[in-house]
Amino acid sequence: VALYCAGRLGLHGPSPPSWIMGLWLTNNAASFAFMAVTTFLALHASFRAHAASAHLLTRKVRVPVPTLHQLDQARVFASEFEQ
């Protein structure tokens, strides 16, 4: 916070010229803007990935549920053991 106050950079000497401070403040503002955009894009990508995962798990890749006829064909009775 002290760096943004007027004259605080020149505590132990003369403060830098105002055009250098203008460039420095512009550079800091741009870096914070890029950080905010990067954070937004990272969150957006995470949400899209989770939505795509849920879509794949619920809509596209269904677990096949066997019919009663298939279950009847798959079971084995105890009387048929070792035949």
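Here are three short exercises on the predicted model above, each with a worked solution. Local features need pLDDT of at least 70, side-chain atom pairs count only at pLDDT 80 or more, and totals for chains, interfaces and linings use all residues. Residues are numbered from 1 along each chain as its sequence is written, and side-chain values use heavy atoms, with hydrogens and water left out.

**Exercise 1.** Find how many helices and strands the chain has.

*Solution.* Look for DSSP runs: helices are H or I, at least four residues, and strands are E, at least two. You get 2 helices and 0 strands. Helix α1 covers residues 18-60, and I20 sits in it.

**Exercise 2.** Work out what share of the chain is buried, and place I20 on that scale.

*Solution.* Start with the cut-offs: buried is under 20% relative accessible area, exposed is over 50%, and partly exposed is in between (1.4 Å probe, protein chains only). Of the 83 residues, 4% are buried. I20 has 36%, so I20 is partly exposed.

**Exercise 3.** Track down the salt bridge and say how accessible its partners are.

*Solution.* Search for a Lys or Arg side-chain nitrogen within 4 Å of a carboxyl oxygen of Asp or Glu. That gives 1 salt bridge: D72 pairs with R75 at 3.7 Å, N to O. Now check each partner: D72, at 44%, is partly exposed, and R75, at 48%, is partly exposed too.
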